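Let's walk through this structure together, one region at a time. Keep the 3D view open and turn it as you read.

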Amino acid sequence: MLHIGCHLSAAKGYLHMGQEAVSIGADTFQFFTRNPRGGNAKEISQQDVSDFLSFSTQNHLTTLLAHAPYTINPCSDNPQTREFAELAMSDDLRRMEYTPHNLYNFHPGSHVGQGVAKAIDLISDLLNRVLSTDITTTVLLETMSGKGSEVGATFEELRSIIDNIGLSDKIGICLDTCHIYSAGYDIVNDLEGVLEKFDKVIGLNRLKAIHLNDSMTEFASHKDRHEKIGLGTIGADALIRLINHPALKHLPFLLETPNELDGYAQEIKFLRQNYSA
Ligand code: FE
Ligand code: FE
Ligand code: ZN
């Protein structure tokens, strides 16, 4: 069974997202925990959560992926910016417990000239402060394209962050197909080699979710421009091989392609047709 969904707006609450997901043939979805560009979070309604949880059980929804806002930078050189990242992430993790045992994804951040080593320390220090034994959420570092001074565009950098974390059983990776292709991992011509490298450096057991996107830009461009499935430089064939790979096919796949709901419905249908159980 292919577990697939897409990014949805959280504006109308959890139940609404669940209903939208089911209406487009999805069994999971991704949503922003708070305003992706500002950072404000709206109050969670206990009633909405209860309604959603029973809807989710009835409709066999699987693991969900929450996404931290883009504006947080856990490895900024500005202490106030880092403090905001920490407050937002710890509040997000508290809020995630309304819907326990799901996934929370964030961008490791940009080192803004401080260097990668310093950034890795800042990111892991922050994670060590926000993680606690009682959280049921798995926190995912997203693989990045390496634009500007982004951290996390190599498997080695992600591994170094994980190595510094005490409660590392709470940490996993979300692999973004557009980002890693832009970062220089050739999932089109050498998926096997890329996964072997991932396994050797990080461990495939850490891989918890896939952002399934095509890319508007060339291999190793270090740009971050998502394209609709089949219309980009990665192409439908490579993405179909990826969802069917024995090491990946059990994972939740989340589309972040430039689409409205009907476009997502079409992509989900296409991918389900090209998935072999
Ligand atoms: Fe992301
Ligand atoms: Fe992504
Ligand atoms: Zn992206």
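Among the elements of this predicted protein model, α3 has the lowest mean pLDDT, at 97, and β6 has the highest, at 99. For the protein as a whole the mean pLDDT is 97, and 100% of its residues reach 70 or more. Where pLDDT is low, predicted coordinates should not be read in detail.

**The metal ions**

Here are the three metal sites with their protein donors.

| Metal ion | Protein donors | Distance to donors |
|---|---|---|
| iron ion (ligand 1) | H67 (NE2), H107 (NE2), E142 (OE) | 2.1 to 2.3 Å |
| iron ion (ligand 2) | E142 (OE), D176 (OD), H211 (ND1), E256 (OE) | 2.0 to 2.2 Å |
| zinc ion (ligand 3) | H179 (NE2), D224 (OD), D224 (OD), H226 (NE2) | 2.0 to 2.8 Å |

Let's take the iron ion (ligand 1) to begin with. Along the chain, its donors follow the spacing H-x39-H-x34-E. Two of these donors link distant parts of the chain: H67 belongs to strand β3 (residues 65–67) and E142 to strand β5 (residues 138–142), 75 residues apart. Both H67 and E142 are buried.

Which residue coordinates both the iron ion (ligand 1) and the iron ion (ligand 2)? That residue is E142, and the two iron ions are 3.3 Å apart.

Now turn to the iron ion (ligand 2). Its donor residues are spaced E-x33-D-x34-H-x44-E in sequence. The arrangement around the iron ion (ligand 2) is irregular because its four donor atoms subtend angles of 84 to 171°. H211 sits in strand β7 (residues 207–212), while E256 is in the loop between β10 (252–255) and α9 (261–273), so this pair ties together parts that are 45 residues apart in sequence. Like the pair discussed above, H211 and E256 are both buried.

The zinc ion (ligand 3) is 5.3 Å from the iron ion (ligand 1). The zinc site is irregular as well, with angles of 50 to 138° among its four donor atoms. Its donors follow the spacing H-x44-D-x1-H along the chain. Distant parts of the chain are linked here too: H179 comes from helix α6 (residues 177–183) and H226 from strand β9 (residues 226–227), 47 residues apart. Are these two histidines buried or exposed? H179 counts as buried because its relative accessibility is 2%. H226 is also buried, with a relative accessible area of 18%.

**Strand β10 and its partners**

Let's look next at the strand that comes before the loop holding E256. In a regular strand, side chains alternate between the two faces of the sheet. In β10, P252 and L254 are on one side and F253 and L255 on the other; all of them are buried, and both faces of the strand are covered.

Strand β1 (residues 3–7) runs parallel to β10 and is joined to it by four bridges. Within this pairing, H3 has P252 as its bridge partner. Strand β7 also pairs with β10 in the parallel sense, over three bridges. The iron donor H211 stands opposite L254 in β10.

**Helix α4**

How many residues does helix α4 have? Helix α4 (residues 116–130) has 15, and it reaches 21 Å from its first C-alpha to its last, close to the 21 Å expected at 1.5 Å a residue. Its buried residues are A119, I120, L122, I123, S124, L126, L127 and V130. An α-helix has 3.6 residues a turn, so residues three or four places apart point the same way. What covers the buried residues of α4 includes α3 (79–96), β4 (103–106), β5, α5 (155–163) and β6 (171–176).

Notes. Residues are numbered from 1 along each chain as its sequence is written. Chains are lettered from A and ligands numbered from 1 in the order in which they are written. This is a predicted model: local features need pLDDT of at least 70, side-chain atom pairs count only at pLDDT 80 or more; totals for chains, interfaces and linings use all residues. Side-chain values use heavy atoms; hydrogens and water are left out. Donors are N, O and S atoms within 2.8 Å of the metal (3.2 Å for Na, K and Ca); water is not among the atoms, so sites may look incomplete. Helices (H or I, at least four residues) and strands (E, at least two) are DSSP runs, numbered from the N terminus. Buried means under 20% relative accessible area, exposed over 50%, partly exposed in between (1.4 Å probe, protein chains only). Four donors count as tetrahedral if all angles lie between 85 and 135 degrees; four count as square planar and six as octahedral if opposite donors are over 155 degrees apart and all others between 65 and 115; anything else is irregular. The expected span of a helix is 1.5 Å times one less than its number of residues. Contact means heavy atoms within 4.5 Å. pLDDT is the predictor's confidence in each residue, from 0 to 100. Two strands pair if DSSP finds at least two bridges between them.
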